[in-house]
Amino acid sequence: MGEVHSTDELTYIPLEKDSNKTRGEKMGLGLEGLPSGVMIKEVLLKLDVETLCSVACVSISLRFSVSQALHLLSTLNLSACSPDAHTLAHILCRCSSDLKSLTINCLRLDDSSVRIFLGPHLQELNMLSCSLLSYPLLASIGETCPDLRVLMLELAEQDSLEVFKSNLVRMLTGCLYLESLCLKIRGTDVGESVFQSIELFLPKTVRILKLQPLLEQDGIRLITKLQVDRTSSETADFGIIFSALTPRFPLQCLSLVLDIISDDLIILITNSLPLLIELDLEDRPHKEPLLNNDLTNNGLQSLGSCHHLTSLSLIRSRRNHQVSFKRINDMGMFLLSEGCKGLELVRLSGFSKVSDAGFASILHSCQRLKKFEVRNALFLSDLAFHDLTGVHCSLVEVRLLSCSLLTSETVKKLACCSSLEVLDLHGCRSIADSCLRSISCLHRLTSLNLAGADVTDYGISFLGQGSSPITRLCLRGCKRVTDEGLSLLFHGGGTIGKSLSALDLGHMPGISDKAVLTIAKVGVGITELCIRNCLYVTDSSMEALAVKRGFQDGSKSLRRLDIFKCTGLSVDSFKSLKRPLFPGLHWLGIGNTRLTSKGNAFLTEICQERPWLTLCLDGCEMGCHDGWQFHRSEYRCS
């Protein structure tokens, strides 16, 4: 029995022997007792790639069955890790040449690595974190994948936008059957005309369109063109002639990240796209918008003409400037809620002039509402949720971020929604212990975010005793929670002790080695752990986490670990990163620690030993979702 560290020849590192059979050996004996066809169809084809590789290490017969299962896969998802070219090649050589759908994290892949999986067999392609890929690869996709129906590309900004545009045209004119197109250029200023004139080349089959970033003026031009025919003269400047007119686009989902959201844009969208089901708009202004070029109550009212609309997201980001929708008040929300009663998802951010009455109108009018999110609402208080018990309780996901007036009373009202699965209260600093007993009784709750809340060890004890099957828990910045609270969480006898898989304890001064040792010992399901900026965590914690192994006593291995700014770790703690310790680790954030003082030779050695591991020294959030495009090349694991 062993742990997989590479898919090259499915190698593994032996674990120390025990007098009793390990969980992995017992699992192997159980699977081998099944008929081969049943095992492949009913078990192996339902597992992810990493688990399949682990199963293959149990025995020769299971390795053969896994090889057969890989060859039968029509869908492959490699988004959980960032494989290098060598690892990717060994995975793909075991898969069918008729693979239809591929999702892959391209953080460590260059153009030549990507071209090996492009081909006419692909119908869905999702490429994440493409930090090393060049723009000419777009043309290659158009030339080699003519039958693509779904395409998502997350690219990093490069020098020449003209090179991007010319290759984008070649890609779009080669993929004539696209139904879903998502293009994100990360690191690009929203002021750049990245997608200017894209409307001239969009396949007429596109029903889902997501673009980031886009100027408002380009967005208006895009929507205008989508509702009228295009002639060959409009595309002649790009060297491409269309012989036929292109009819109206049947767009059902539109997502744009803009420099500004205005009435002109939203009114044009509602008049031009009558089939729209989902609308997702975010803007990132660099300055306060002009009064005559901003979103107002009139823009919200116009959304009522989209009779099929079920999902609405309007976000004004504070990333570039501290701004909000200052021309929208409660009346705008009243008009929206009356015109769009069929909404099932509502996400709102930056509505600084809207009070309880406006937000409550959404909750009461939209009887089908399942997901509700509000961010940075200065006047949202408990009153908005006062009569929640008297209306529908179909809410599945509630996110109330940085709403400083909310208290535990709101949470108690929300606890009446027995169908609630996700509750995010990040930055709501008046949330206290008194509501945690109510939360602990939510039998479907799987994700809870209490970042910055005023909770204590006493409140955490209710979660430890409760029946909520929470898999993701964030306590970041909860300064009154200590080691004792973590002990109560895991030893309380409740469901969470076994169900929890992701735990965030970042920026908590009361957390030390004692809490981490508790997690390593009894947190059997923990695969993601964040202890960034926990100053009292030392080498003892790393040593304990390093031997937390899968297939042994039912404990799962850590997949992601964030120790950014853990200044209590010494240089010697790097020894814990050597194989066979930390088996299965995919991502490690070690920025601003003494580990980085070992230099590039140490980093290179670790990366060579662990081809699946991504080392982050830049302070990104777990998984590098928020900064991969800025990673310095000398710190890449490849």
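**Three rings in a cluster**

Let's start with a little group of aromatic side chains: Tyr135, Phe164 and Phe195 are linked into a cluster by ring pairs. Keep in mind that you're looking at a predicted model. Searching the whole structure turns up four aromatic pairs.

Take Tyr135 and Phe164, one of these pairs. Their ring centres sit 5.1 Å apart, and with 65° between the planes the arrangement is edge-to-face. Where do the two residues come from? Tyr135 belongs to the loop between β5 (124–130) and α7 (136–144), while Phe164 is part of helix α8 (residues 161–174), so this pair ties together parts that are 29 residues apart in sequence. Are they buried or exposed? Tyr135 has a relative accessible area of 2%, so it is buried. Phe164 counts as buried too, at 1% relative accessibility.

Now stay on Phe164 and look at its pairing with Phe195. This contact is also edge-to-face, at 5.8 Å centre to centre and with 75° between the planes. Phe164 reaches from helix α8 here, and Phe195 sits in the loop between β7 (180–186) and β8 (208–214), so the pair ties together parts that are 31 residues apart in sequence. As for Phe195, its relative accessibility is 1%, so it counts as buried.

Put the pieces together and you can trace the cluster on the model: Tyr135 pairs with Phe164, and Phe164 pairs with Phe195.

How values were computed: Residues numbered from 1 in each chain as written. Predicted model: local features only at pLDDT ≥ 70, side-chain atom pairs only at ≥ 80, totals over all residues. Heavy atoms only, no water. Phe/Tyr/Trp six-rings, centres within 6.5 Å; stacked < 30°, edge-to-face > 60°. Helix = DSSP H or I, 4+ residues; strand = E, 2+ residues; numbered from the N terminus. Buried < 20%, exposed > 50% of the residue type's maximum accessible area, 1.4 Å probe, protein only.
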